[in-house]
Amino acid sequence: MSEVHVLTHPLIQDKLTRMRRVQTSSKDFRQLLKEISLLMGYEVTRDFETTSTTVTTPICEGTFPKLEKDFITIVPILRAGVGMVDGLLELMPFASVGHIGMYRDEETHLPMEYYCKMPEGVEDSTIIVVDPMLATGGSAVDAVGSLKARGCTNIRFMNLVAAPEGIKAMQDAHPDVDIYVAAIDEGLNEQAYIVPGLGDAGDRIFRTK
Ligand code: PRP
Ligand code: URA
């Protein structure tokens, strides 16, 4: 069974509360999402392995830690996941970015994949899939499934707000994929929106409604 890490840091929680407010503008929403993503990035990368390297400082030579493997791929689920990329790239400017496009059919709520472009050799990288919302879990389950079908094995999922239903769907389908989330809300409404949630993340980021 995968681990679910709920990131309760007060800075993350305060920013998320501001994002939830219906009055928050798209500009502020995007900025807060970027800041939260950077903060969450510390926890998502906490178990990354380091090895030793020899470096000459202006004073002397010494042995210091460096990332063991720096082929890291950030995979936003389009569209809303794009809002989480810049914060992570600030932490890891050497990371690659692969895109996967999923939309939920408005009537069935089932995910449909419409785009996928991954960096060459993605199957050898450590992958962080990002999407602010985990509702039914359909989009994340299929996105991770699509990466596994391409040979990827080292995958983690970073998400802002989850419904318990989405967490269960992910754990059932992908017990090897740890989940990092800022909040687990009450559940879903009839339209499969997270309650209380923050509304439609993509529309709020891109001001499409
Ligand atoms: C949202 C969100 C997730 C998905 C979550 O995307 O960004 O990808 O819904 O719902 P699920 O867990 O029930 O699949 P949406 O389909 O609205 O597309 P968008 O990002 O283009 O707005
Ligand atoms: N997608 C969103 O953007 N918000 C939800 O609450 C559910 C799915």
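In this predicted model, helices α1 and α2 pack with an angle of about 155° between them and their axes 9 Å apart. That angle is over 145°, so the pair counts as roughly antiparallel. The crossing of α1 and α2 is left-handed. On the α1 side, the contact is built from Leu11, Ile12, Lys15, Leu16, Arg18 and Met19, and these meet Phe29, Leu32, Leu33, Glu35, Ile36, Leu39 and Met40 of α2. Sorted by type, the contact of α1 with α2 has 10 nonpolar residues, 3 charged ones and no polar ones.

The loop between these two helices, α1 (10-20) and α2 (26-44), holds Thr24. With a relative accessible area of 15%, Thr24 falls under the 20% cut-off and therefore counts as buried. Setting aside residues up to four places away in sequence, Thr24 touches Arg18, Phe29, Leu32 and Arg204. Three of these names are familiar: Arg18 on the α1 side of the helix contact, and Phe29 and Leu32 on the α2 side.

Next comes the other helix pair. Helix α4 (residues 138-149) packs on helix α5 (residues 164-173) at about 25°, and here the axes lie 8 Å apart. Since 25° is under 35°, α4 is classed as roughly parallel to α5. The way α4 passes α5 is a right-handed crossing. Ala140, Val141 and Val144 are the α4 residues in the contact, with Ala169, Met170 and Ala173 coming from α5. This contact of α4 with α5 splits into 6 nonpolar residues, with no polar and no charged ones.

As for the interior, the largest nonpolar core has 34 residues, and those that touch the most other members are Leu16, Met19, Met40, Ile128, Met158, Leu160 and Leu198. Two or more core residues come from each of α1, α2, β4 (72-78), α3 (85-91), β8 (126-134), β9 (155-162), β10 (178-184) and α6 (201-206). The largest share, 6 residues, is supplied by α2. Leu16, Met19 and Met40 also turn up in the contact between α1 and α2.

Met158 has a long contact list of its own. Not counting residues up to four places away in sequence, Met158 touches Ser37, Met40, Gly41, Val44, Met84, Leu88, Ile128, Val129, Val130, Asp131 and Tyr180. A second core, separate from that one, has 23 residues, among them Met102, Met118, Val129 and Ile167. Val129 of this second core is thus also on the contact list of Met158.

Met102 sits in strand β6 and, at 6% relative accessibility, counts as buried. Its contacts, again leaving out residues up to four places away in sequence, are Ile77, Leu78, Pro111, Met112, Glu113, Tyr114, Ser139, Asp142 and Ala143. Met102 and Tyr42 are 60 residues apart in sequence, and their C-alpha atoms are 27 Å apart in space.

Ser2, for its part, belongs to the segment before β1 (4-6). The relative accessible area of Ser2 is 6%, which makes this residue buried. Beyond neighbours within four places in sequence, Ser2 is in contact with Gln171, His174, Pro175, Val177 and Asp178. Ser2 and Arg156 are 154 residues apart along the chain, yet a separation of 9.6 Å is found between their C-alpha atoms.

The backbone has a few details to check. The peptide bond from Leu78 to Arg79 is cis, with omega near -5°, and Arg79 is placed in the loop between β4 and α3. Leu78 is also one of the residues touched by Met102. Another cis peptide bond joins Val195 to Pro196, with omega about -5°; Pro196 lies in the loop between β12 (194-195) and α6.

Positive phi values outside glycine come up too. His109, in the loop between β6 (99-104) and β7 (111-117), has a phi of about 65°. Ala192 has a phi near 65° and is found in the loop between β11 (187-188) and β12. Its relative accessibility is 7%, so Ala192 counts as buried.

Technical notes. Residues are numbered from 1 along each chain as its sequence is written. Chains are lettered from A and ligands numbered from 1 in the order in which they are written. This is a predicted model: local features need pLDDT of at least 70, side-chain atom pairs count only at pLDDT 80 or more; totals for chains, interfaces and linings use all residues. Side-chain values use heavy atoms; hydrogens and water are left out. Helices (H or I, at least four residues) and strands (E, at least two) are DSSP runs, numbered from the N terminus. Buried means under 20% relative accessible area, exposed over 50%, partly exposed in between (1.4 Å probe, protein chains only). Contact means heavy atoms within 4.5 Å. A nonpolar core is a set of buried Ala, Val, Leu, Ile, Met, Phe, Trp, Tyr and Cys residues joined through side-chain atoms within 4.5 Å. Axes are lines fitted to C-alpha atoms, for helices over the stretch in contact, and angles run from 0 to 180 degrees between N-to-C directions. Angles under 35 degrees count as roughly parallel, over 145 as roughly antiparallel, 65 to 115 as roughly perpendicular and the rest as oblique. A crossing is left-handed if the near helix is turned anticlockwise from the far one by less than a right angle, and right-handed if clockwise. Ala, Val, Leu, Ile, Met, Phe, Trp, Tyr, Cys and Pro count as nonpolar, Asp, Glu, Lys and Arg as charged, and the others, Gly among them, as polar.
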